[in-house]
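Welcome, and thanks for taking a look at this one. Please open the sequence and the coordinates side by side before reading on.

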Amino acid sequence: MSNGRLVFSDDHFGSSSSRPSSSSARSIVRPSLKGYGSQASLRGSATTAVSVASAGESVDGRLNTLRIAEEAGVSDGDDEEDEDTSSVCERDLDEDDERAHDVDRWLSRRKHFLILSAAGKPIYSRWGSSSVTAGYMGIFQAVLGFYTDSGDTLRSFEGDGATFVFSAKNEIILVAVSRVPHETVSMLAGQLDLLHAQILSCLTRTQLERVFVRGGSNFDLRRVLTGNEVFLDGLCDKIARGDLELMFNGMHVLRLRSTFRKSIESILLEKRSKNVLYAIIAHDRRLAAVLRPRAHSLFPSDLRLLLETMYRPGVRESSDEHWIPLCLPKFNDSGFLHLYVCFPGGGRTAVALVSADKDAFYELRVCAGEIERSMRGSNLMREVERAGERLLLPGDVGAPQIDHFVYRSNERVQLAASPLPTDRRRRNRVIRAYRHLLATRQAGKIHAVARGQLRALAWETSTFAVYAIARADRCETAGLIAAANAIHNFAAREASRLFMASGAAF
């Protein structure tokens, strides 16, 4: 934190496949890497690109061992037999056909997120049952183990139109598999960081390490995470749909007159009680004002966790008060803070207070009530609600020829953007165009691409970035450049409303 400015530290927020076949003799579906390309390019931490074939017979030996163990009813790393081992050969063909259909359906998805323990124990998969995903997780663990035994670390590999990215942290392995066009390794690695932060938000790093020390490497972490899968599901769905904040690594701020924002910050400072560490006023996930300790910055990933928790299902729809334990990994990944959140009047404006004291609920309830009364008395609550109803359209910034834009303040790690199309197909086309643009951009240069019926442009500098998309039949590249200039000029004029240049500090 410098010069009294609220600084968001710039961290991560940035085909065909072979189908396993069922055998009438053994009636078992055998997972393999065949569908992902036998000559997949591998990237290690120290070695240059090699191939699966160059790994030699050791990899094949590990995979064959895994398949034999699976057929015998023993999972990799386990000494105990599966309860159904004796009936493997007697299973009904219809049951196997159904499982084969589940595998085919799982493989047909263009993107997957999987989490497993270092011993290969399944922890989480966004899609597919454990009976479908367990074998593939075992294969991933075996391949990673081969590189670990060789003194190297496998970060990613590509094959058959798919990109595989791995991240090993705190005794767990996170895997992203993507056939989505223009999703780079760095993009997928950032998404895995988000999933890891989501896990730490409900299970601190200290607790995560402790359970594996006490339970061993084969400990089933699913028992500890029970009930929190819905938050991982929500994050995976948001990533898969394409979320601007995640794609452009920034936070949306409510467009609000600077005098109103400063008045809200003054109220937060005046009404703060001694155990309040952070205070947030937000409308529909967009920040209106923040109170923070002078000695601590707010990291985008921590702030995103706070906002996602405030607006998660069951909290936003309820008019009740909520008291939620939450770990903010960038602030302190070894302990919990406690979040008080309410939605005055049942609207979309939230008052959220964070404390390190687990017994401060009643204190924070009183504090939130005083903040709400002061804001209503000054008509600031209504101003926040009005600001939330106003949309920032391309025509408002002097660029009516384009369909969508994103402006990023690099200094503040904040975004100003027009709303995405409500039509699903149009929205998906815009998201795909942005992915293409981000994957092919050249730092420090104006870069334009054409994708189908759309044209897209990126203008990136050390202090700001402008991204714009338009229909090819309405706008040439010159029109996109003119739009980018108009957007930048508008952002410069309206910076005090579009962005939080300062925050309330104590």
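Which residues of H10 are buried? Pro300, Ser301, Asp302, Leu303, Arg304, Leu305, Leu306, Leu307, Glu308, Thr309 and Met310 are the buried ones. Please keep in mind that this is a predicted model. The points below go through the helix, the sheet, the salt bridges and the surface in turn.

**An enclosed helix**

- Helix H10 covers residues 300-310, and because 11 of its 11 residues are buried, the rest of the structure largely encloses this helix.
- The buried set in H10 takes in charged residues as well, including Asp302, Arg304 and Glu308.

**The mixed sheet**

- An open sheet is built from 6 strands with mixed pairing, and its order reads S11-S12-S13-S9-S10-S19.
- Strand S11 (322-326) and strand S19 (504-505) sit at the edges; each has a single partner strand, so one side of each lacks a neighbour in the sheet.
- As general background, strands of a sheet pair through backbone hydrogen bonds, in a parallel or an antiparallel way.
- Strand S9 (residues 278-283) runs antiparallel to S13, and 6 bridges join the two.
- If you would like one pair to locate on screen, try Ile280, whose bridge partner in S13 is Ala352.

**Salt bridges**

- How many salt bridges does a search of the whole structure find? The search gives 22, and three of them are picked out here, beginning with Arg126 and Asp233.
- The side chains of Arg126 and Asp233 form a salt bridge with an N to O distance of 3.9 Å.
- This pair links distant parts of the chain, 107 residues apart: Arg126 is in the loop between strand S4 (122-125) and helix H3 (130-149), while Asp233 is in helix H7 (residues 229-241).
- Asp233 counts as partly exposed, since its relative accessibility is 21%.
- Arg382 and Glu385 form another salt bridge, and their closest N and O atoms are 3.7 Å apart.
- Both residues belong to helix H13 (residues 380-389), and because they are 3 residues apart there, about one helical turn separates Arg382 from Glu385.
- Arg382 is partly exposed at 33% relative accessibility, and Glu385 is partly exposed with a relative accessible area of 22%.
- Arg471 forms a salt bridge with Asp403, with 3.4 Å between the closest N and O atoms.
- Arg471 is in strand S18 (residues 464-471) and Asp403 is in the loop between H13 and strand S14 (404-409), so this salt bridge ties together parts that are 68 residues apart in sequence.
- Asp403 and Arg471 also belong to one network with Asp473 and Arg474, joined by salt bridges that share partners.
- Arg471 is partly exposed, with 30% relative accessible area.

**At the surface**

- Which residues form a positive surface patch? Arg424, Arg425, Arg426 and Arg429 do.
- One of these, Arg426, lies in helix H14 (residues 424-440) and is partly exposed, with a relative accessible area of 39%.
- Is Asp359 buried or exposed? At 59% relative accessibility, Asp359 counts as exposed, because the cut-off for that class is over 50%.
- Asp359 lies in the loop between strand S13 (349-355) and helix H12 (361-377).
- The C-alpha atoms of Asp359 and Asn275 are 9.9 Å apart, and the two residues are 84 residues apart along the chain.

Note on methods:
Residues numbered from 1 in each chain as written. Predicted model: local features only at pLDDT ≥ 70, side-chain atom pairs only at ≥ 80, totals over all residues. Heavy atoms only, no water. Buried < 20%, exposed > 50% of the residue type's maximum accessible area, 1.4 Å probe, protein only. Helix = DSSP H or I, 4+ residues; strand = E, 2+ residues; numbered from the N terminus. Patch = residues over 30% accessible without salt bridge, like charges linked within 9 Å, V, L, I, M, F, W, Y side chains within 5 Å. Areas by Shrake-Rupley, 256 points an atom, 1.4 Å probe, with all protein chains shown as cover. Salt bridge = Lys/Arg side-chain N within 4 Å of Asp/Glu carboxyl O. Lys, Arg positive; Asp, Glu negative; His and termini not counted. Charge placed at Lys NZ, Arg CZ, Asp CG, Glu CD. Pairing = 2+ DSSP bridges.
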